[in-house]
Amino acid sequence: MSRTDVPELRSITTACPLDCPDACTLDVTVSGEGPAQRIERVDAAPVGESNLLTDGWICAKVRRSAERVYSPERVLTPLVRTGPKGSGRFEPISWDEALDRTASAIRAAVRDHGPASVVPFLYNSSAPTFSDRLSTRLFLELGTSAVAHTICAATAAIAWHATFPNMASADPLDVAHSDLVVLWGANPSASNTHLTPLLTDARARGAAVVVVDPRRTPTAARADLHLAVRPGTDVALALAVAHELERLDLVDRAFCAQHADGVEEHLDAAREWTPERAAEVCGVDAAQVTALAELVGGRRPGMLRVGWGMERNRNGGSSIRAALATWVLAGQFGRPGAGVIQSTSSSADDDTLPDLPGAPAHARVLNMNRIGRDLLDADPPVRVLFVQGANPAVMAPDQRSVLAGLGRDDLFTVVHEQVMTDTAALADIVLPATTSFESGRDVAVGYGAYAASPIRQVIPRVGESRTNAEVAEGLAQRLGLSGYGVDDVPPPPVPDRAVSTRPDGTVQFGPAGAPGTTLPDGGRARLVLGPGSDRLPVFRELDGGEHPLTLLSPATTRTINSIFAEFDPPRAAVTMHPDDAGARGVATGDEVRVFNERAELRLPAVVDAAVRPGVVVIPKGLWRRHVGGGLTANALVPDDVEATVGGAVFNDTTVEVARA
């Protein structure tokens, strides 16, 4: 090929809005002009020109994200179902016809069963900050049911704000000053990958790194101390650490007197949690409990990274509150390198708008974790389900109920999606959605970085895809509602705590106050709550009945939730500890049954000591076609909820494993 035959390449800077803490700025190489413009490569924006956390590199999954843009499974035009639900038989229709049918179904459901019968299942798995706001506004104005975002981070957020009213997260970049970093229920090697080099640098400087996780993750394997606790027992460990802080005279009494309420009551509750008792409950050595307390109370400054892993059980709220309390007791605040990292995003819901004047209240609020039972048993019944930015067929608990509900012939389901997911395959109408490369005029704001980066359109629309806001505008017109033009989406805000503006347009900002000096709002943390909730963190044991193994379904390096599993799924296998495998006569490669009272899966086994005894692992993000029988790990998961806010309890799943 001659030099003149090589298409001209150029770079466009944009940002990644996927459900990940890092919110990386991207350098996208494109070729061609006009409709022929095409992505050739996705990489990180250069060092010095982007979100400081991105640092010139991105994860492998986003590097391959153009494979979704040009996937053979990409939805290119509106589709209408022509065969039985789940048959995969669809035919193309026009946007006008698709929106007309959807609006007609909504009107009929409201007329016959009331607005509660319309359920918008809206999430933000691949949406920028503002593009889904018109959808939320539309259903608010219609007075339909709402679906609470309880499937992830809800329990952690409530625990955080109960303990630290309105306090901002510490800046992850502040780890550069830390002499101790504790990662509790977090696995940055799979998500939040840009924290990993900060930890590597910290260890090179002599800082101690501690990981609390039932698995020996890559981060745990390199840590100075790894406590492989039984799932759901973090609260017992944290109370025992508090016990040891007091016994070793490591409680910062001056800090607590100035900045915390309920300290003595919390310590009184912790006194019964000796290291020996916690060791028995948590499945770790008592010496490790004391070692953790010595580090928390003795190494300064110390940073605690609270992940979302420990919220996903019956003790989630108590565990996070107890872990946060250890940092308060040790006085690990108020200087660079000290504090707690959780979510750097706003405490307000990013996907809501102020109440509209005169808009009816939501007819009811459903729990996202119980969408299966609601599709089957809600009263009034769900007649229209509108899904956007979510894949509940594989990501919601109690998968068999979800699939049964989605399979109802009297349910009209509309799915706005990029590719033909398992949920889309059960829809009546499928609407083609843009990827972030095909839409702009928005901003990516991560929840693990203090940065806001502009999202720019880098290629023309693929097929007839439309944004969330454009779909809301089209439905609003047909439902007789005004003020839903895409220009009505609020403009991206300029952070009022800007530190610098990067060459790509990213605004780097930080928590309120000087960097590294985060303290509870008003100067006081709350270790004891008022009536109407557990005043103090409480440990509740889980009765697994006849199923002695706890199932975890963690994130992997392959997918973001279930995104990208159409071309790069994690391995469909169950991983178990050699002791558990040996007791059941199981070896690596054997086909096994993983079962409980809800379902049974057949998978190959992997025997690996990286998983603690009593725990088995099936990865999150698998699609139905990846597992024989069409069920994933969530078929084994109960739709029970955590008490404080109705959060998911994925890690309360107990199973048995046997050779097939």
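A residue counts as buried when its relative accessible area is under 20%. In this predicted model, Arg-408 comes out at 13%, so Arg-408 is buried. Its salt-bridge partner is Asp-410, with N and O 2.8 Å apart. Asp-410 is partly exposed, at 42% relative accessible area.

Arg-558 and Asp-568 form another salt bridge, their closest N and O atoms also being 2.8 Å apart. Both residues lie in the loop between strand E23 (549-552) and strand E24 (574-576), so the bridge ties together parts 10 residues apart in sequence. Here the arginine is partly exposed: Arg-558 has 35% relative accessibility. Asp-568 is buried, at 15%.

Now take a bridge with a long reach in sequence. Arg-74 meets Glu-438 in a salt bridge, 3.0 Å from N to O. Arg-74 sits in the loop between helix H2 (66-69) and strand E4 (79-81), while Glu-438 sits in the loop between strand E17 (429-432) and strand E18 (442-445), so the contact ties together parts 364 residues apart. Arg-74 is buried, with 6% relative accessibility. Glu-438 is buried too, at 0%.

These bridges belong to a wider set. The whole structure holds 38 salt bridges. Some join into a network, in which Glu-246, Arg-253, Glu-264, Asp-268 and Arg-271 are linked.

Aromatic contacts come next. The search of the whole structure finds 7 aromatic pairs. One of them joins Phe-139 and Phe-386, with centres 5.4 Å apart and planes at 45°, a tilted arrangement. Phe-139 belongs to helix H4 (residues 133-142) and Phe-386 to strand E15 (residues 384-388), so this pair links distant parts of the chain, 247 residues apart. Phe-139 is buried at 1% relative accessibility, and Phe-386 is buried at 2%.

Phe-164 and Phe-333 make an edge-to-face pair, 5.7 Å between centres and 75° between planes. Phe-164 lies in the loop between helix H5 (154-163) and strand E8 (180-184). Phe-333 lies in the loop between helix H13 (316-330) and strand E13 (339-341), 169 residues away in sequence. Both rings belong to buried residues. The contacts extend further: ring pairs link Trp-160, Phe-164, Phe-255 and Phe-333 into a cluster.

Finally, charge meets ring. The charged end of Arg-38 sits over the ring of Tyr-70, 3.8 Å from the ring centre. Arg-277 lies over the face of Trp-273, at 3.6 Å from the centre of that ring.

Conventions
Residues are numbered from 1 along each chain as its sequence is written. This is a predicted model: local features need pLDDT of at least 70, side-chain atom pairs count only at pLDDT 80 or more; totals for chains, interfaces and linings use all residues. Side-chain values use heavy atoms; hydrogens and water are left out. A salt bridge is a side-chain nitrogen of Lys or Arg within 4 Å of a carboxyl oxygen of Asp or Glu. Helices (H or I, at least four residues) and strands (E, at least two) are DSSP runs, numbered from the N terminus. Buried means under 20% relative accessible area, exposed over 50%, partly exposed in between (1.4 Å probe, protein chains only). Rings of Phe, Tyr and Trp (its six-membered ring) pair if their centres lie within 6.5 Å; planes under 30 degrees apart count as stacked, over 60 as edge-to-face and the rest as tilted. A charge sits over a ring if NZ of Lys or CZ of Arg is within 6 Å of the ring centre and within 35 degrees of the ring normal.
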